[in-house]
Amino acid sequence: RKHGRDLKGVMAVSDPGALEVARSVLQDDDLLLLVLRLLPPPALARSSAVCRHWWELSRSPDLWLRHCAERWQGKQVPWAAVAQEETWHARYVRAERDAKITEISTAELQRRVWLFSDNLQRCRFHVHRNGKRRLFMDFFPPLEWHWNDDGTLQVEHFPPHLVERLPDWSWRISNEHIHMVTLDEDSLPCAALAAQVNGMQSPILISVPTMAQGVVPVPPDATVTATANWRHQRLQ
């Protein structure tokens with residue numbers, strides 16, 4: 001027995017040799033972590049239900065750091081929100097929940113920086129305290145905007161704009177004439193995660209932007225032994 005479990009019952013193995021191998025793996029945390037590392041995220045999450053000890057091992061920062069690095073490759077990760085979570089498992093779950101959102105909120109619309117279809121202008125949506133809504137662009141005066149009843153975005157007298165979520169988790173605003181896409185300026189750089197996964201021997205320091213404070217330091221997990229240093233300058 002190990003952690004209150006009968007290995008014969010768990011493994012349903014009749015071959016004594018195979019049972020002995022299974023017992024040696026289940027009783028060696030290092031070997032068990034190597035096995036858990038091979039599991040995809042859904043299976044890894046299910047393994048936590050075996051017992052308390054497995055739950056602790058399945059939440060290993062190293063396991064979920066690797067899954068985050070793989071899953072987030074080429075994605076626009078909302079790191080300012082994800083970084084609020086304390087563990088890599090929680091950050092993975094937070095990012096997955098965010099990726100399922102298909103209707104952008106006014107707060108998210110304001111938080112993001114948008115690149116206009118000319119690939120030159122950066123745009124920001126803003127709601128003033130008095131309720132006035134303005135779209136600020138580099139080469140235009142402020143434009144009024146509001147939401148239409150059908151969920152489309154109305155800017156001045158221009159045709160309504162459709163707002164959609166793209167496969168890389170970015171957002172796009174478009175009509176028959178123009179489009180705007182979210183810039184990847186507050187996403188966690190893949191290089192930072194790659195550095196952690198490669199096992200470099202110094203603590204990680206990642207700074208991410210917020211609208212109010214400019215940058216927010218994200219404390220490392222105690223068991224992470226990788227390094228990355230990324231700072232972001234706020235748009236003026």
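# Exercises: a sheet, two cores and a few polar contacts

Strands β7 (residues 171-174) and β8 (residues 179-182) run antiparallel and are paired over three bridges. Two strands count as paired if DSSP finds at least two bridges between them, and strands (E, at least two residues) and helices (H or I, at least four) are DSSP runs numbered from the N terminus. The model is predicted, so local features need pLDDT of at least 70 and side-chain atom pairs count only at pLDDT 80 or more, while totals for chains, interfaces and linings use all residues. Residues are numbered from 1 along each chain as its sequence is written, and side-chain values use heavy atoms, with hydrogens and water left out.

## Exercise 1: place β8 in its sheet

Work out which strands flank β8, and which residues face each other across the pairings.

Step 1. Start with the β7 side. A hairpin of four residues links β7 to β8. Across this pairing, Arg172 sits opposite Val181, and Ser174 is opposite His179.

Step 2. Now go to the other side. Strand β1 (residues 114-116) is joined to β8 by three bridges, again antiparallel. Here Phe116 stands opposite Met180.

Step 3. Put the strands in order. The open sheet has eight strands, β5-β4-β3-β2-β1-β8-β7-β6, with antiparallel pairing. Its edges are β5 and β6 (162-165), each of which pairs on one side only. Ignoring direction, neighbouring strands are turned by 30° against each other on average (axes are lines fitted to C-alpha atoms, for helices over the stretch in contact, and angles between N-to-C directions run from 0 to 180 degrees).

Step 4. Look at the two faces of β8. In a regular strand, side chains alternate between the two faces of the sheet. For β8, Met180 and Thr182 make up the covered face, with His179 and Val181 on the uncovered one.

## Exercise 2: follow the chain out to the edge

Trace the pairing from β7 to β6 and find the residue with positive phi.

Step 1. Count the bridges. β6 and β7 pair in the antiparallel sense over four of them.

Step 2. Find a partner. Glu164 has Arg172 of β7 as its bridge partner; Arg172 also stands opposite Val181 in β8.

Step 3. Check the turn. The β6-β7 hairpin has five residues between the strands, and there Trp169 takes a positive phi near 75°.

## Exercise 3: sort out the cores

Say which helices feed the largest nonpolar core, and what else is packed apart from it.

Step 1. Set the terms. A nonpolar core is a set of buried Ala, Val, Leu, Ile, Met, Phe, Trp, Tyr and Cys residues joined through side-chain atoms within 4.5 Å. Buried means under 20% relative accessible area, exposed over 50%, and partly exposed in between (1.4 Å probe, protein chains only).

Step 2. Pick out the largest core. It has 20 residues, and those with the most contacts inside it include Trp64, Trp72, Trp79, Trp88 and Trp169. The helices α3 (29-37), α5 (52-58), α6 (61-71), α7 (79-82) and α8 (88-99) each supply at least two of its residues.

Step 3. Find the other one. Another core, of 16 residues, lies apart from it; Phe116, Met137, Leu143 and Met180 are among its members.

Step 4. Zoom in on Trp64. Leaving out residues up to four places away in sequence, Trp64 touches Pro41, Leu44, Ala45, Ser58, Arg59, Trp88, His89 and Tyr92 (contact means heavy atoms within 4.5 Å).

## Exercise 4: three polar residues in loops

Decide whether Thr152, Asp150 and Gln76 are buried or exposed, and name their polar partners.

Step 1. Take the β4-β5 loop. Thr152 lies between β4 (143-147) and β5 (153-155), and Asp150 is in that loop as well. Thr152 counts as buried because its relative accessible area is 15%, whereas Asp150 is exposed because its value is 61%.

Step 2. Link the pair. Their side chains make a polar contact of 2.6 Å (N or O atoms within 3.5 Å; within protein, one must be able to donate a hydrogen and the other to accept it, and residues adjacent in sequence count only if both atoms are side-chain atoms). Beyond neighbours within four places in sequence, Thr152 is in contact with His146, Trp147, Pro160 and His161.

Step 3. Move to the α6-α7 loop, where Gln76 is found. Gln76 is buried because its relative accessible area is 8%. Its side chain makes a 2.6 Å polar contact with the side chain of Arg112, and the Gln76 side chain also reaches the backbone oxygen of Thr182 at 2.8 Å.
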